[in-house]
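This report describes a ligand site, the aromatic pairs and one helix. The sequence and the structure are shown below.

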Amino acid sequence: MTTGSYRFEQLGDASFQTERLYQQSQAIRGMEAGILRASGLGPAHDVLEVGSGPGFVSDLLAELAPEGSLHAVEPSPTLAAQIRDNVRQAPARGLFVHQAFGNALPLGDAQIDFAYARFVLQHVPTPQSVVREVHRVLRPGGRFCAVDSDDGLVIFHPQEPRVEQLLRDAQSIQAGQGGDRFIGRKLQAMLADAGFVNVRSRVLSLTSSELPFQVLFNILLGYKAALLGGAVDVRALHQDLAERVATGRQLVAAGVFIVSGEKA
Ligand SMILES: C[S@@+](CC[C@H](N)C(=O)[O-])C[C@H]1O[C@@H](n2cnc3c(N)ncnc32)[C@H](O)[C@@H]1O
């Protein structure tokens, strides 16, 4: 089908990448619960998660829709095998794990009330086909929420040349693998083109004043460092930045796009 720029089995440091996804889910869990409810997720919904990874966010979705069902779709066999263990309480109508790509969802038409894709579409060579598939499986009135990054919203002040190099190199490697580090700004039009109505975009900002620096650093640079396979001394970079952040002399800020739409 399609491989794209997130190939878990080839990332090298699997336990670090899983830990990074865990930190990324826990650091903003409360905020994310609010975003999901505001985007239309209800307690009795049949929910689809595209690109569940190891299932840390699946656990939150199951908690927020306890009377419904959850279909967790994940192409990596290693990650798909972890989802059940990371969902503490399956929803009343069941937890269904599908090892599959979002471009060919193993679901019939109009079965889902709420769909979520978090940091997934940036890795998919044909994200528009995933958005169309999500639209197909939603019931009329069902809602889709996509959360993704955009490197245009990453600010290090003062500028740090090693970070700029890391971002530039990761952008071109990810693009070479079919991914897109600037997808955030494109999601709104993608949803509209797929037929969604009432499409809304907002940007959630994360700064080094709000999150532990280690967490923010791993969110922003952990995957990129893995992609580059040691071309930058990430440990030294982390230490230098952490010292400056601790004294208030370094600001790190990033925005994440949250885009939602409804099936007419
Ligand atoms: C950065 S991880 C995010 C995992 C999870 N959504 C989270 O936020 O913790 C990206 C995930 O998207 C999955 N993925 C990549 N291409 C995909 C595709 N075409 N369809 C569905 N999932 C895909 C990867 O296997 C990986 O688990």
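## Ligand contacts

In this predicted model, an oxygen atom of the ligand lies 2.6 Å from a polar side-chain atom of Glu74. Two further contacts involve nitrogen of the ligand. A backbone N or O atom of Gly102 lies 2.8 Å from a nitrogen atom of the ligand, and an N or O atom in the side chain of Asn103 is 3.0 Å from a nitrogen atom of the ligand. The ligand taken alone exposes 590 Å², of which the protein buries 98%.

The ligand is surrounded by 17 residues, and those that come nearest are Gly51, Glu74, Gly102, Asn103 and Arg118. By residue class, the shell around the ligand divides into nine nonpolar, six polar and two charged residues.

## Aromatic pairs

The structure holds three aromatic pairs. One of them is formed by Phe144 and Phe196, a tilted pair with 5.8 Å from centre to centre and 35° between the planes. This pair links distant parts of the chain: Phe144 belongs to strand E5 (residues 138-157) and Phe196 to strand E6 (residues 196-207), 52 residues apart. Phe144 is buried, with a relative accessible area of 0%. Phe196 is also buried, with a relative accessible area of 5%.

Phe213 and Phe217 form another pair, with ring centres 5.7 Å apart. Their planes are at 55°, and an angle of 30 to 60 degrees counts as tilted, so the pair is tilted. Both residues lie in helix H9 (residues 213-228); because they are four residues apart there, about one helical turn separates them. Phe213 has a relative accessible area of 11% and is therefore buried, the cut-off being under 20%. Phe217, at 4% relative accessibility, likewise counts as buried.

## Helix H3

How many of the nine residues of helix H3 (residues 56-64) are buried? Eight of the nine are, which leaves the helix mostly covered. The buried residues are Phe56, Val57, Ser58, Asp59, Leu60, Leu61, Ala62 and Leu64.

These buried residues of H3 pack against both helices and strands. The helices are H1 (14-27), H2 (29-38) and H5 (83-86). The strands are E1 (46-50), E2 (69-73) and E4 (112-118).

How values were computed
Residues are numbered from 1 along each chain as its sequence is written. This is a predicted model: local features need pLDDT of at least 70, side-chain atom pairs count only at pLDDT 80 or more; totals for chains, interfaces and linings use all residues. Side-chain values use heavy atoms; hydrogens and water are left out. A residue is near a molecule or strand if one of its heavy atoms lies within 4 Å of it. A polar contact is a pair of N or O atoms within 3.5 Å; within protein, one must be able to donate a hydrogen and the other to accept it, and residues adjacent in sequence count only if both atoms are side-chain atoms. Accessible areas come from the Shrake-Rupley method with a 1.4 Å probe; for residues, only the protein chains shown count as cover. Ala, Val, Leu, Ile, Met, Phe, Trp, Tyr, Cys and Pro count as nonpolar, Asp, Glu, Lys and Arg as charged, and the others, Gly among them, as polar. Rings of Phe, Tyr and Trp (its six-membered ring) pair if their centres lie within 6.5 Å; planes under 30 degrees apart count as stacked, over 60 as edge-to-face and the rest as tilted. Helices (H or I, at least four residues) and strands (E, at least two) are DSSP runs, numbered from the N terminus. Buried means under 20% relative accessible area, exposed over 50%, partly exposed in between (1.4 Å probe, protein chains only). Contact means heavy atoms within 4.5 Å.
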